[in-house]
Amino acid sequence: MTSTLQTPRPESGASPIASSLRGRQLPRWAPRALVAAAVVLALVGVFGPLGSWLVLVGWCVAAVIPIWSLAVEGRRKATDRLVTLLVSTAFAITLFPLGSILATVISRGAPVLSNEFFTYSMRNIVGEGGGIYHALMGTLLITAAAAAISIPIGLFTAIYLIEYGEGTRLAAWIRFLVDVMTGIPSIVAGLFAYALFVIFFGPGVRMGIGGAVALSVLMIPVVVRSCEEMLKLVPNELREASYALGVPKWRTIVKVVLPTALAGIVTGVTLAIARVIGETAPLLVIAGLTDSVNLNLFDGRMATLPVFTYFSIIVPGVPPGPSIDRAWGAALVLLIIVMLLNLGARLVSYFFSPKGER
């Protein structure tokens with residue numbers, strides 16, 4: 001007589017032992033349904049006629065989840081659900097101003113966008129008509145010049161801090177100065193660029209390259225910090241393996257370290273550009289404003305989108321409606337540029353990072 005051991009097949013549902021270990025639980029649909037109802041009530045209360053009372057009712061509906069969990073699942077699970085609810089609420093409150101800004105800018109700026117808006121300047125325009133071509137080109141040129149100044153300085157500084165100056169007094173002083181520069185107000189950067197150019201060109205100087213210098217003062221610390229952190233993440237084993245093959249240090253940095261950290265470096269640089277492209281105060285001081293197209297960074301005033309938006313609101317002219325509409329359109333274009341830069345940074349980080357880290 002032969003006997004065979006038969007292994008029990010796992011059933012599709014949960015076993016009684018697993019269910020007894022987990023204890024009593026709320027139905028899966030219950031938390032999601034209550035949260036959805038709370039969100040709907042809160043949105044209707046914010047945008048509807050009933051106002052804050054309906055928002056309060058929404059919070060009360062959401063508060064049912066931990067109370068119900070305490071009665072059914074016990075204190076431990078109820079505490080977990082309460083903390084989850086608080087964190088989700090804080091996240092929703094944080095997103096609300098962002099959503100409000102996006103909705104306002106899109107609703108006010110989208111009707112202004114047209115072919116004329118992107119291809120015409122404000123030269124000899126009074127009232128309706130005109131566009132942001134001069135400001136758009138000025139923003140792109142000044143930001144590109146600022147990136148050309150900041151990226152080499154920031155990258156070489158980060159390479160020195162990680163590869164050559166680790167533990168030295170000079171590296172400590174450089175890190176301290178970078179931290180100080182990170183907190184510099186933007187208007188101070190504009191005053192610095194203005195004072196620098198006054199030495200060579202005299203009082204009243206206005207140049208696009210001055211705006212690029214002012215933006216580079218704000219951009220360099222961000223580039224240094226982001227590149228430094230990315231270079232720190234490169235494993236020392238890769239450097240040691242390269243040294244063991246007799247490769248010089250500078251070639252190891254160029255061929256091993258930088259390609260390994262390329263995704264993070266490009267992402268940090270792109271985010272640094274997005275951080276400075278919307279600055280108004282330094283460009284207002286040194287670049288100025290003009291109604292005409294100026295593509296020469298080294299000669300005369302140059303308009304930018306932030307300054308154009310500022311003056312369109314502060315000095316709208318008569319009638320004020322078209323100028324204010326153009327300001328909303330310029331703000332929307334600037335917002336789209338920043339969003340595209342952030343999206344590009346995410347895509348670069350995804351496609352250039354190692355496959356295991358995607």
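Axes are lines fitted to C-alpha atoms, for helices over the stretch in contact, and the angles between their N-to-C directions run from 0 to 180 degrees. In this predicted model, the axes of helix α6, residues 133-164, and helix α14, residues 305-314, come within 8 Å and cross at roughly 140°. Because angles over 145 degrees count as roughly antiparallel and those from 65 to 115 as roughly perpendicular, this crossing makes α6 oblique to α14. On the α6 side, the contact is formed by His 134, Ala 135, Leu 136 and Thr 139, which meet Leu 305, Pro 306 and Phe 308 of α14. Sorted by class, the residues in the contact of α6 with α14 comprise 5 nonpolar and 2 polar ones, with no charged residue.

Ahead of α6 in the chain, Ser 121 is placed in the loop that runs between α5, residues 115-119, and α6. The relative accessibility of Ser 121 is 16%, and this residue therefore counts as buried, the cut-off being under 20% relative accessible area. A polar atom of the Ser 121 side chain lies 3.4 Å from the backbone nitrogen of Arg 123. When neighbours within four places in sequence are left aside, Ser 121 is in contact with Gly 130, Gly 131, Tyr 133 and His 134, and also with Asp 291 and Val 293. His 134, one of these partners, is also among the α6 residues that meet α14.

A second serine, Ser 323, is located in helix α15, which spans residues 320-352. With a relative accessible area of 5%, Ser 323 is likewise buried. Beyond its neighbours within four places in sequence, Ser 323 is in contact with Ser 312, Val 315 and Pro 316.

The largest nonpolar core contains 40 residues, of which Ile 142, Phe 197, Ile 209, Met 219, Leu 231, Leu 258 and Ile 265 touch the most other members. At least two residues of this core are supplied by each of α6, α8 (186-201), α9 (208-232), α11 (249-260), α12 (262-276) and α13 (281-286), and α9 gives the most, with 11 residues. For Ile 209, the residues touched, not counting those up to four places away in sequence, are Ala 145, Phe 197, Leu 297 and Phe 298. Apart from this core lies another, of 14 residues, which includes Ala 303, Phe 308, Leu 334 and Ile 337. Phe 308 thus appears both as a member of that other core and in the contact of α14 with α6.

Note on methods. Residues are numbered from 1 along each chain as its sequence is written. This is a predicted model: local features need pLDDT of at least 70, side-chain atom pairs count only at pLDDT 80 or more; totals for chains, interfaces and linings use all residues. Side-chain values use heavy atoms; hydrogens and water are left out. Helices (H or I, at least four residues) and strands (E, at least two) are DSSP runs, numbered from the N terminus. Angles under 35 degrees count as roughly parallel, over 145 as roughly antiparallel, 65 to 115 as roughly perpendicular and the rest as oblique. Contact means heavy atoms within 4.5 Å. Ala, Val, Leu, Ile, Met, Phe, Trp, Tyr, Cys and Pro count as nonpolar, Asp, Glu, Lys and Arg as charged, and the others, Gly among them, as polar. Buried means under 20% relative accessible area, exposed over 50%, partly exposed in between (1.4 Å probe, protein chains only). A polar contact is a pair of N or O atoms within 3.5 Å; within protein, one must be able to donate a hydrogen and the other to accept it, and residues adjacent in sequence count only if both atoms are side-chain atoms. A nonpolar core is a set of buried Ala, Val, Leu, Ile, Met, Phe, Trp, Tyr and Cys residues joined through side-chain atoms within 4.5 Å.
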